[in-house]
Every structure is written in structure tokens, then in C-alpha cells.
Amino acid sequence: MRLTHIALDRYRNIRDAHLEFHPRFNLIVGDNGQGKTNLLSSIYWLSTLTPLRSGRLRNLITWGEQATSVRGRSEVNGLYHDLEVRTNGERTFPLKEGHPRSNNEYFGALSVVSFTPSDLDLVRGQPDIRRRFLDRAIFNEQSTHLEVVLRYQKALARRNTFLKERKSEQLIRAYEATLAEVGARLIMSRASYIHSLSGVYSNILHGIGNFSGTISYKLGVPVVDPLSSTPQVIQQQLMSYWQQHRESDMHRGFTQRGPHNDDLSLRISDRSAKDFASQGQQRAIVLALKIAQIESLSERLQSRPILLLDDVSSELDQSRATQLFNFLSRFDGQVFLTTTHESFIPLNSERKMWRIVAGQISPVEDHSLRL
Ligand SMILES: Nc1ncnc2c1ncn2[C@@H]1O[C@H](COP(=O)(O)OP(=O)(O)OP(=O)(O)O)[C@@H](O)[C@H]1O
Ligand SMILES: [Mg+2]
């Protein structure tokens with residue numbers, strides 16, 4: 001899978017850009033605040049229809065303008081797809097092959113895995129950051145997962161409103177059935193995804209960090225092991241859990257526990273990574289998670305996802321940077337990298353390079369290729 005070219009129209013500080021990409025490495029060089037992350041985030045948006053940095057859609061539009069769009073052409077196993085995403089700041093409009101599409105019809109022609117400095121929050125941050133990582137990763141492999149997440153959120157909000165308004169038990173119970181049905185699907189998907197990642201993750205971590213660590217699923221509510229159960233059983237258990245806690249939930253005015261409290265537990269030497277991993281170990285953990293995600297996705301797609309690496313070389317020490325670039329040179333797919341200094345990126349073949357200054361992007365003659 002690869003992105004052959006892209007066109008940006010009034011996207012953040014990039015007013016107008018048309019770029020043709022290299023099938024392997026694409027390097028974007030620029031000083032701080034010039035628009036490197038913005039360019040990567042436009043690719044992320046084109047792929048996922050979600051902004052890379054959470055925030056309002058309006059923020060994607062160049063200040064003072066009314067709309068923005070990103071167009072691109074992808075190639076997947078020999079087939080080309082024309083993709084476009086537009087927004088007026090209120091809604092997102094995806095188009096494929098020139099026609100408006102639903103999200104589900106749109107997805108599949110461009111999958112990305114991103115790695116940015118803020119990903120360290122996966123280790124240090126609150127559970128919601130890990131849940132979002134998890135749900136986005138599952139959604140990359142299985143686009144219906146997004147709908148499950150949204151349906152759960154909606155049903156949860158409904159139950160919370162009913163609790164707050166002290167609606168009849170009968171009504172609340174009816175909603176619990178829906179919530180539990182969607183909640184069970186959420187739990188099953190998360191459990192099987194984490195399980196499929198865990199072996200690969202530990203191996204990679206050992207390879208790059210030379211220490212042992214595990215990932216596992218920490219359920220927000222006590223249910224039986226989802227891997228050896230069925231959605232119906234999980235649904236029943238969720239329903240009886242919420243029934244038992246209805247009174248106390250009503251007292252507090254919200255659903256205190258559920259899959260919305262799930263977490264991805266990261267441990268090193270059987271201790272919480274959040275509390276005990278050093279900075280360098282945290283970086284290795286994030287890198288191992290992402291590489292495991294890429295491996296899993298590649299297998300699922302039968303094609304390599306596109307990698308977006310924002311400013312990673314400045315985040316990693318020498319030996320981990322070497323490990324990363326070893327992985328990248330073996331990784332047989334398309335990669336986009338940003339950096340403030342070209343010398344940070346030890347790749348000198350199969351690449352194309354651009355310089356970005358105040359949102360203006362121009363190709364750089366690559367002398368290293370001529371040697
Ligand atoms: N909607 C917008 N319209 C115009 N400019 C914007 C918009 N959103 C962000 N910017 C500006 O774009 C500039 C470039 O941001 P970006 O994060 O891409 O820089 P960067 O090159 O990645 O910098 P760094 O090396 O510090 O990470 C910032 O100065 C920011 O204020
Ligand atoms: Mg940046």
C-alpha cells in the first residue's frame with residue numbers, strides 16, 4: 001500500500017501543496033513551527049477521517065478560511081484509489097473515486113500507523129489514551145469497530161442521562177440491554193486484539209529494549225475471560241453487573257464502571273510501566289507497541305500500512321534510533337518522516353526529500369543519490 005501523491009488546499013498553515021511521493025522513504029525537513037507535523041497530520045486525516053491531534057475540525061482549516069480539503073491517490077496491491085476528505089469545520093465529507101461515501105465505504109484504501117512524540121503518553125497518560133490507541137488500532141483492521149465504539153458511547157450517555165433524571169427502572173433496564181450488547185462486542189474485540197499482539201510485543205521489546213515486559217487487558221468490570229467465552233455470556237454478565245450497581249449509579253448520577261474504564265496494562269518485570277519504567281524504557285515500550293501493531297496490520301491487510309514518523313529521531317537515543325532504522329530498512333513499505341535536521345535520519349537511498357518553510361513545501365535536490 002502506498003500514497004502516490006497528495007494535494008492540500010488551505011490545510012492548517014499549508015495553503016496549497018501538490019506532492020508526488022517516493023514508494024519508500026519521504027523525508028520532510030524544516031525548523032520548528034514550519035508545518036512538518038501539519039503535513040503528516042493531513043495524511044493521517046485522509047486515511048482515518050479523524051484529526052491526528054484531538055481537537056476541533058475547524059482547527060484544520062487555514063485561519064481566516066472557510067473550508068479545507070486533502071486529496072490523494074493510493075495504490076493497494078496494484079489497484080489505484082482516489083481519495084478526498086473535505087470539511088467546513090462542522091462536518092467531514094469523504095469522497096472516493098470522486099463520489100461521496102459513508103465512512104465504511106471509504107475506509108480500506110489507505111491505512112496508516114503513526115508514531116509521534118506525544119505517543120509517550122501511552123505509557124505515562126491516563127487509561128483513556130490507551131483505550132483510544134486500542135480502538136483506533138482495532139478499527140484499522142476492522143472498520144466496523146468504529147461504529148461499535150460510537151454506539152457504546154451513545155448508549156452510555158443515554159443511561160447516564162436516565163440515571164441523572166431518575167427515570168423508571170424499567171426504562172433504564174431496557175437501555176442496559178443495548179449497552180451490554182454493544183459493550184460485549186467492544187470487550188471481545190479488545191480482548192482478542194490485545195491477545196494477538198502480546199507475543200509479538202514481548203519479543204520486539206526484548207529485541208529493542210533488552211528487558212522483559214508484557215501487555216494485557218485490564219477489564220473495567222469483572223467478567224469471565226472473554227477469550228474463552230461468548231458475547232452472549234459477557235452481555236449477561238454486564239447486565240447483571242449494572243443491575244447490581246444501578247442504585248449506587250443512580251445515586252452518583254452516572255455509570256461508574258463498564259468497558260469505558262477498560263485499560264491496556266503495560267508492565268515491566270511484572271510492575272506497572274507507568275510507575276517504574278525509565279524514560280528510555282517508556283520509549284522502547286511505545287516503539288514495541290507500534291511495531292507489533294504494524295506487524296499485525298500487515299498480516300491482516302496482506303499489504304504494508306503507511307508509516308508516519310513525526311520527529312522520532314530526536315526522541316530516541318542512539319541505540320534505539322539504530323534499532324528503529326534497522327526495522328525501517330527491513331520494513332518493505334512506504335514511510336514518511338519529519339525532522340529538523342536531515343543528519344538525524346540515517347537513510348540515504350530510496351528516498352525523496354522536501355524542505356518546508358512557513359507552510360511552503362519545496363523538493364530538495366538529493367545529492368547523496370548521485371554519488
Ligand atoms: N489552522 C491553522 N491555520 C494556520 N496556521 C496554523 C493552523 N494550525 C496550526 N497552524 C500553525 O502551523 C504552524 C506549524 O505547525 P507544526 O506543528 O506543523 O510545526 P512543526 O514543523 O511540526 O514544528 P515542530 O518542529 O516544533 O514540531 C504552527 O506555528 C501553528 O501555529
Ligand atoms: Mg512537529
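**Reading a two-domain fold**

Phe-25 has Val-335 as its bridge partner in S13, and this pairing is a convenient place to enter the structure, which is a predicted model. The pairing belongs to a set of five bridges that join strand S3, residues 25–29, to strand S13, residues 335–339, and these two strands run parallel.

Stepping back from this pair, one can see that S3 and S13 belong to an open sheet of six strands, whose order is S8-S12-S13-S3-S14-S15 and whose pairing is mixed. At the edges of this sheet stand strand S8 (112–115) and strand S15 (360–364), each of which pairs on one side only. From one strand to the next, the twist of the sheet averages 20°. When looking along any regular strand, it helps to remember that the side chains alternate between the two faces of the sheet.

Helix H10, residues 279–301, lies across S8 and across strand S12 (306–310), and the direction of H10 makes an angle of about 175° with S8. H10 also meets another helix, and there is a standard way to describe such a meeting. Two packed helices are described by the angle between their axes and the distance between the axes. For H10 and H11, the axes come within 11 Å and cross at roughly 10°. An angle under 35 degrees counts as roughly parallel, and H10 and H11 are therefore roughly parallel to each other. On the H10 side, the contact is made by Arg-283, Ala-284, Leu-287 and Ile-291, while H11 contributes Arg-320, Leu-324 and Phe-327. Sorted by class, this contact has five nonpolar residues and two charged ones, with no polar residue.

The protein as a whole is divided into domain 1, made of residues 1–111 + 305–371, and domain 2, made of residues 126–302. The C-alpha centres of the two domains lie 29 Å apart, and the contact between them takes 15 residues from domain 1 and 13 residues from domain 2. On the side of domain 1 that touches domain 2, the elements giving two or more residues are helix H2 (103–106) and helix H11 (318–330). H11 gives the most to this side, with four residues. In terms of class, the residues on this side of domain 1 divide into seven nonpolar, five polar and three charged.

A further open sheet has three strands in the order S9-S10-S11, and here the pairing is antiparallel. Strand S9 (213–218) and strand S11 (271–272) stand at its edges with a single partner strand each, so one side of each is left without a neighbour in the sheet. Strand S10, residues 263–268, is joined to S11 by two bridges, and Arg-267 has Ser-272 in S11 as its bridge partner. Helix H6, residues 169–209, packs on this sheet by touching S9 and S10, and its direction makes about 170° with that of S9.

H6 also packs against helix H4, residues 127–141, at an angle of about 85° and with the axes 10 Å apart. Angles of 65 to 115 degrees count as roughly perpendicular, and H4 and H6 are therefore roughly perpendicular to each other. The contact is made by Leu-134, Ala-137 and Ile-138 of H4 together with Ser-189, Arg-190 and Tyr-193 of H6. These residues divide into four nonpolar, one polar and one charged.

The walk ends towards the start of the chain, where strand S1, residues 2–11, and strand S2, residues 14–20, pair in the antiparallel sense over six bridges. Within this pairing, the bridge partner of Leu-8 is Ala-17 in S2. The hairpin of S1 and S2 has two residues between the strands, and there Arg-12 takes a positive phi near 45°. Finally, there are 16 residues around ligand 1, and of these Asn-13, Asn-32, Lys-36, Thr-37 and Asn-38 come nearest. By class, the shell around ligand 1 has eleven polar residues, three charged residues and two nonpolar residues.

How values were computed. Residues numbered from 1 in each chain as written. Chains lettered and ligands numbered in written order. Predicted model: local features only at pLDDT ≥ 70, side-chain atom pairs only at ≥ 80, totals over all residues. Near = placed C-beta within 6 Å. Nonpolar A, V, L, I, M, F, W, Y, C, P; charged D, E, K, R; others polar. Domains from an automatic or database assignment. Contact = placed C-beta atoms within 7 Å. Pairing = 2+ DSSP bridges. Axes fitted to C-alpha atoms, helices over the stretch in contact; angles between N-to-C directions. Parallel < 35°, antiparallel > 145°, perpendicular 65-115°, else oblique.
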